[in-house]
Amino acid sequence: MDVGHSVFPIFYHVDPSHVQKQTGRFGEAFAGHEENWKDKVGRWRMAMTEAGSLSGWHLQDGYESNYIKEIIGGLFYQLNCQIFDIDANLVGIDSCPKKLHLLLCMESNDVRIVGIYGLGGMGKTTIAKAIYNKLSCEVEYMSFLENISNTEGLCHLQSQLLNLSLI
(Lines give C-alpha, C1' and ligand atoms only; values in the text may rest on other atoms or scores of the structure.)
Protein backbone atom coordinates (compact mmCIF):
# COMPACT_ATOMS: atom_id res chain seq x y z
CA MET A 1 0.00 0.00 0.00
CA ASP A 2 1.60 3.25 -1.16
CA VAL A 3 0.74 6.21 1.08
CA GLY A 4 3.26 8.66 -0.37
CA HIS A 5 6.10 7.91 2.01
CA SER A 6 9.69 7.17 1.05
CA VAL A 7 11.69 4.41 2.67
CA PHE A 8 15.48 4.56 2.87
CA PRO A 9 16.65 1.35 4.56
CA ILE A 10 19.87 1.24 6.54
CA PHE A 11 21.15 -2.29 7.07
CA TYR A 12 23.26 -1.99 10.22
CA HIS A 13 25.55 -5.01 10.58
CA VAL A 14 23.03 -7.23 8.79
CA ASP A 15 23.10 -8.47 5.21
CA PRO A 16 20.14 -7.11 3.18
CA SER A 17 19.53 -10.58 1.72
CA HIS A 18 19.16 -11.93 5.28
CA VAL A 19 16.47 -9.31 5.90
CA GLN A 20 14.75 -10.08 2.61
CA LYS A 21 14.74 -13.85 3.17
CA GLN A 22 14.75 -13.80 7.01
CA THR A 23 17.83 -16.01 7.18
CA GLY A 24 21.08 -15.97 9.17
CA ARG A 25 21.22 -14.22 12.53
CA PHE A 26 18.37 -11.98 11.43
CA GLY A 27 16.20 -15.01 10.71
CA GLU A 28 17.08 -16.59 14.05
CA ALA A 29 16.13 -13.42 15.93
CA PHE A 30 12.97 -13.12 13.86
CA ALA A 31 11.96 -16.73 14.60
CA GLY A 32 12.21 -16.00 18.33
CA HIS A 33 9.31 -13.56 18.03
CA GLU A 34 6.92 -15.93 16.24
CA GLU A 35 5.60 -17.58 19.37
CA ASN A 36 4.68 -14.31 21.10
CA TRP A 37 3.42 -12.41 18.04
CA LYS A 38 1.74 -15.04 15.84
CA ASP A 39 -0.93 -12.64 14.57
CA LYS A 40 1.64 -10.07 13.36
CA VAL A 41 4.57 -12.13 12.11
CA GLY A 42 3.08 -12.68 8.64
CA ARG A 43 2.85 -8.94 7.98
CA TRP A 44 6.32 -8.42 9.45
CA ARG A 45 7.76 -11.04 7.11
CA MET A 46 6.16 -9.38 4.07
CA ALA A 47 7.46 -5.97 5.18
CA MET A 48 10.98 -7.32 5.74
CA THR A 49 10.96 -9.05 2.35
CA GLU A 50 10.04 -5.76 0.72
CA ALA A 51 12.51 -3.71 2.81
CA GLY A 52 15.33 -6.14 2.05
CA SER A 53 14.76 -5.69 -1.68
CA LEU A 54 15.00 -1.89 -1.51
CA SER A 55 18.18 -0.05 -2.32
CA GLY A 56 19.70 1.43 0.79
CA TRP A 57 22.87 1.58 2.85
CA HIS A 58 24.67 -1.50 4.07
CA LEU A 59 26.87 -0.73 7.09
CA GLN A 60 29.36 -3.44 7.90
CA ASP A 61 32.80 -2.34 9.04
CA GLY A 62 34.45 1.04 9.32
CA TYR A 63 33.80 4.27 11.09
CA GLU A 64 30.12 5.00 11.67
CA SER A 65 30.74 8.73 11.27
CA ASN A 66 31.78 8.15 7.64
CA TYR A 67 28.61 6.17 7.00
CA ILE A 68 26.50 8.89 8.63
CA LYS A 69 27.99 11.55 6.34
CA GLU A 70 27.38 9.31 3.31
CA ILE A 71 23.79 8.61 4.34
CA ILE A 72 22.97 12.27 5.01
CA GLY A 73 24.47 13.29 1.68
CA GLY A 74 22.50 10.57 -0.10
CA LEU A 75 19.25 11.51 1.60
CA PHE A 76 19.64 15.19 0.78
CA TYR A 77 20.37 14.29 -2.84
CA GLN A 78 17.36 11.94 -3.10
CA LEU A 79 15.07 14.44 -1.40
CA ASN A 80 16.37 17.28 -3.62
CA CYS A 81 17.43 19.28 -0.58
CA GLN A 82 20.29 21.71 -0.78
CA ILE A 83 22.34 22.15 2.35
CA PHE A 84 24.79 24.96 2.92
CA ASP A 85 28.08 24.44 4.70
CA ILE A 86 28.13 26.41 7.95
CA ASP A 87 30.85 26.37 10.57
CA ALA A 88 29.71 23.97 13.29
CA ASN A 89 31.43 26.02 16.00
CA LEU A 90 29.30 29.15 15.68
CA VAL A 91 27.89 30.06 19.09
CA GLY A 92 24.14 30.64 19.26
CA ILE A 93 23.47 29.98 15.56
CA ASP A 94 20.77 27.40 16.37
CA SER A 95 18.53 29.91 18.14
CA CYS A 96 17.82 31.97 14.97
CA PRO A 97 16.23 29.17 12.92
CA LYS A 98 14.19 28.05 15.93
CA LYS A 99 12.79 31.54 16.52
CA LEU A 100 12.02 32.07 12.85
CA HIS A 101 10.38 28.65 12.61
CA LEU A 102 7.93 29.72 15.31
CA LEU A 103 7.27 33.08 13.65
CA LEU A 104 6.61 31.53 10.23
CA CYS A 105 3.74 29.31 11.46
CA MET A 106 5.01 26.44 9.30
CA GLU A 107 1.80 24.43 9.67
CA SER A 108 0.04 26.90 7.35
CA ASN A 109 0.10 26.35 3.58
CA ASP A 110 0.66 30.03 2.80
CA VAL A 111 3.62 31.40 0.85
CA ARG A 112 6.40 32.85 2.98
CA ILE A 113 9.17 35.27 2.01
CA VAL A 114 11.96 36.05 4.43
CA GLY A 115 14.28 38.98 3.92
CA ILE A 116 17.24 39.79 6.15
CA TYR A 117 18.87 43.20 6.05
CA GLY A 118 21.62 45.00 7.92
CA LEU A 119 25.19 46.20 7.70
CA GLY A 120 27.71 44.11 5.83
CA GLY A 121 29.74 41.56 7.78
CA MET A 122 27.18 41.03 10.54
CA GLY A 123 26.43 37.42 9.60
CA LYS A 124 23.19 37.86 7.67
CA THR A 125 24.15 35.28 5.03
CA THR A 126 25.28 32.79 7.67
CA ILE A 127 22.00 33.15 9.55
CA ALA A 128 20.04 32.84 6.30
CA LYS A 129 21.94 29.65 5.41
CA ALA A 130 21.28 28.18 8.86
CA ILE A 131 17.57 28.96 8.49
CA TYR A 132 17.54 27.48 4.99
CA ASN A 133 19.24 24.29 6.21
CA LYS A 134 16.72 23.94 9.02
CA LEU A 135 13.58 24.56 6.95
CA SER A 136 14.36 23.43 3.39
CA CYS A 137 13.17 19.84 3.77
CA GLU A 138 10.00 20.82 5.63
CA VAL A 139 8.50 22.71 2.72
CA GLU A 140 7.56 21.83 -0.84
CA TYR A 141 9.54 24.63 -2.54
CA MET A 142 12.29 26.85 -1.22
CA SER A 143 14.76 29.21 -2.91
CA PHE A 144 17.86 30.99 -1.69
CA LEU A 145 19.01 34.22 -3.32
CA GLU A 146 22.26 35.62 -2.04
CA ASN A 147 24.33 38.70 -2.84
CA ILE A 148 21.25 40.55 -4.07
CA SER A 149 22.96 43.93 -3.67
CA ASN A 150 25.29 42.90 -6.50
CA THR A 151 22.47 42.20 -8.98
CA GLU A 152 21.17 44.21 -11.91
CA GLY A 153 17.82 45.23 -10.45
CA LEU A 154 14.44 43.82 -9.57
CA CYS A 155 13.79 42.18 -12.96
CA HIS A 156 17.04 40.23 -12.68
CA LEU A 157 16.09 39.06 -9.16
CA GLN A 158 12.65 37.98 -10.38
CA SER A 159 14.24 36.07 -13.24
CA GLN A 160 16.72 34.44 -10.87
CA LEU A 161 13.91 33.40 -8.52
CA LEU A 162 11.82 32.05 -11.39
CA ASN A 163 14.77 30.02 -12.68
CA LEU A 164 15.28 28.51 -9.20
CA SER A 165 11.61 27.59 -8.92
CA LEU A 166 11.60 25.79 -12.28
CA ILE A 167 14.49 23.48 -11.33
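**Exercise 1. The tryptophan pair**

Decide whether W37 is buried, exposed or partly exposed, and state how its ring is placed relative to that of W44.

Solution. In this predicted model, W37 has a relative accessible area of 38% and is partly exposed, and the corresponding value for W44, which is likewise partly exposed, is 32%. Turning from exposure to ring geometry, a search of the whole structure finds one aromatic pair. The ring centres of W37 and W44 lie 6.0 Å apart and their planes meet at 45 degrees, so the pair is classed as tilted; planes under 30 degrees apart would count as stacked, and those over 60 degrees as edge-to-face.

**Exercise 2. The salt bridge of R45**

Find the salt-bridge partner of R45, and work out which parts of the chain the contact ties together.

Solution. The partner is E34, with 3.1 Å between the closest N and O atoms. R45 belongs to helix α3 (residues 38–53), while E34 sits in the loop between α2 (24–31) and α3, so the bridge ties together parts that are eleven residues apart in sequence. As for exposure, R45 is partly exposed at 25% relative accessible area, and E34 is also partly exposed, at 31%.

**Exercise 3. The remaining charged contact**

How many salt bridges are counted in total, and which residue does R112 meet in one of them?

Solution. The count comes to two. In one of these, the side chain of R112 meets that of D110, at an N to O distance of 4.0 Å. R112 is partly exposed, with 32% relative accessibility, whereas D110 is exposed, its relative accessible area being 54%, where the class of exposed residues begins over 50%.

Note on methods
Residues numbered from 1 in each chain as written. Predicted model: local features only at pLDDT ≥ 70, side-chain atom pairs only at ≥ 80, totals over all residues. Heavy atoms only, no water. Helix = DSSP H or I, 4+ residues; strand = E, 2+ residues; numbered from the N terminus. Buried < 20%, exposed > 50% of the residue type's maximum accessible area, 1.4 Å probe, protein only. Phe/Tyr/Trp six-rings, centres within 6.5 Å; stacked < 30°, edge-to-face > 60°.
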